[in-house]
Amino acid sequence: MNWKDVLLYPALGSVLKAILWPISRARLPQTKGRLALNGLTAPVEILRDRWGVAHIYAGNERDALFAQGFVHAQERLWQ
């Protein structure tokens, strides 16, 4: 076992974890709270069940499809 295995690699792993953790958390979809989006004509409510499946309630079809696209894009942002 050399000095890299004992000192360098664990330290480098800790530094990378400290840097990458906030970045990876920032890419998760917002599932709580309120958002104001341009393009909606009526209020839209997006509820998630215990499995994380989004249920969209909108005043009209256009807003429902807009919200569906928003949810889909938000959940795929990590890719």
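The exercises below work through a predicted model of a protein, each with a solution in steps.

**Exercise 1.** Determine which elements make up the protein and in what order they run.

*Solution.* Begin with the inventory, which consists of two helices and two strands. Next, follow the chain from the N terminus, where the elements run α-β-β-α. Two of the stretches can then be placed by number, since strand 1 covers 44–48 and strand 2 covers 54–58, while helix 2 covers 61–75.

**Exercise 2.** Describe how much of the protein counts as buried and what its exposed surface is made of.

*Solution.* Start from the chain of 79 residues, of which 5% count as buried. Then turn to the surface, where the protein exposes about 6900 Å² and carbon and sulfur atoms supply 61% of that area. A further step looks at contacts between residues at least 6 apart in sequence, and among these 26% join residues at least 24 apart.

**Exercise 3.** Decide for aspartate 63 whether it is buried or exposed, and identify its surroundings.

*Solution.* First locate the residue, for aspartate 63 lies in helix 2. Its relative accessibility is 0%, and because buried means under 20%, aspartate 63 counts as buried. Now look for partners of its side chain, which a polar contact of 2.9 Å joins to the side chain of threonine 41. Finally, leaving out residues up to four places away in sequence, list what aspartate 63 touches: Gly39, Leu40, Thr41, Ala42, Val44 and Ala58.

**Exercise 4.** Carry out the same steps for aspartate 49, giving its place, its accessibility class and a polar partner.

*Solution.* Aspartate 49 sits in the loop between strand 1 and strand 2. Its relative accessibility is 26%, and because this value falls between the 20% and 50% cut-offs, aspartate 49 counts as partly exposed. The last step concerns its side chain, which reaches the backbone nitrogen of tryptophan 51 at 3.0 Å.

**Exercise 5.** Characterise the largest pocket by its volume, its lining and the elements that contribute to that lining.

*Solution.* Take the volume first, which is about 550 Å³. The lining consists of 20 residues, and those nearest the centre of the pocket are Gly33, Arg34, Leu35, Val44 and Ile46. Sorting the lining by chemical class gives 12 nonpolar, four polar and four charged residues. As for the elements, strand 1 and helix 2 each supply at least two lining residues, and the largest share, five residues, comes from strand 1. Val44, named here near the centre of the pocket, also appears among the residues that aspartate 63 touches.

How values were computed: Residues numbered from 1 in each chain as written. Predicted model: local features only at pLDDT ≥ 70, side-chain atom pairs only at ≥ 80, totals over all residues. Heavy atoms only, no water. Helix = DSSP H or I, 4+ residues; strand = E, 2+ residues; numbered from the N terminus. Buried < 20%, exposed > 50% of the residue type's maximum accessible area, 1.4 Å probe, protein only. Polar contact = N/O pair within 3.5 Å; in protein donor to acceptor, adjacent residues only side chain to side chain. 1 Å grid on protein atoms, 1.4 Å probe; cavity = no way out; pocket = protein on both sides within 12 Å on 5 of 7 lines; lining within 4 Å. Points joined across faces, edges and corners; volume = space filled by probe spheres on them. Nonpolar A, V, L, I, M, F, W, Y, C, P; charged D, E, K, R; others polar. Contact = heavy atoms within 4.5 Å. Areas by Shrake-Rupley, 256 points an atom, 1.4 Å probe, with all protein chains shown as cover.
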